[in-house]
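Q: Could you take me through the salt bridges in this model, one pair at a time? I would like to know where the partners sit and how exposed they are.

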Amino acid sequence: MTLQECYAALGGDYNEVLGRLYSEALVQKFVGKFLADQSFQLLSDSLNAGAYEDAFRAAHTLKGVTQNLSFTKLYQSSHQITEALRTKDYDLASRLLPEVAEDYARTAAAIQTFQGNS
């Protein structure tokens with residue numbers, strides 16, 4: 001799997017991130033670091049525990065990272081949950097969490113497959 005194929009598999013925009021970071025080596029470096037980021041786990045744990053401020057910070061961080069890496073699908077769902085938490089609509093945030101989890105799993109699986117082929 002190429003990096004471009006990885007982006008297609010995770011629902012991202014390879015050309016956009018390449019335009020932002022200017023080199024495939026740099027994109028690959030940051031994509032490789034994504035799995036070590038704990039924002040999604042913190043979001044999930046905090047939301048389930050009712051720690052809404054922590055959940056908001058985690059969602060906001062996840063949104064920013066995914067936007068910078070052009071992980072479009074995960075960015076969109078993390079943006080939605082961030083806004084739900086920002087407006088204190090905790091019921092909506094809880095309903096959105098499964099979509100974020102699905103998008104995160106898809107993203108992580110694509111990256112793991114890419115790393116296994118590198």
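A: Happy to; here is a walk through the salt bridges, pair by pair. Please keep in mind that this is a predicted model. The count comes to four salt bridges, and three of the pairs, among them, are described here.

Let's begin in helix H2, which covers residues 14-21 and holds both arginine 20 and glutamate 16. These two are four residues apart, about one turn of the helix. Their closest N and O atoms are 3.6 Å apart, which counts as a salt bridge because the cut-off is 4 Å. Arginine 20 is partly exposed, at 33% relative accessibility, and glutamate 16 is partly exposed too, at 38%.

Next comes helix H5, residues 52-68, where you will find arginine 57 and aspartate 54. Here the spacing is three residues, again about one turn of the helix. The side chains form a salt bridge with an N to O distance of 2.3 Å. Arginine 57 has a relative accessible area of 46%, so it is classed as partly exposed; aspartate 54, at 34%, is partly exposed as well.

Last, have a look at helix H6, residues 72-86. Glutamate 83 and arginine 86 are about one helical turn apart because three residues separate them in this helix. Their side chains meet in a salt bridge at 3.1 Å, N to O. With a relative accessible area of 27%, glutamate 83 is partly exposed, and arginine 86 is also partly exposed, at 40%.

As a general backdrop, side chains of opposite charge can pair when their charged atoms come close.

Note on methods. Residues are numbered from 1 along each chain as its sequence is written. This is a predicted model: local features need pLDDT of at least 70, side-chain atom pairs count only at pLDDT 80 or more; totals for chains, interfaces and linings use all residues. Side-chain values use heavy atoms; hydrogens and water are left out. Buried means under 20% relative accessible area, exposed over 50%, partly exposed in between (1.4 Å probe, protein chains only).
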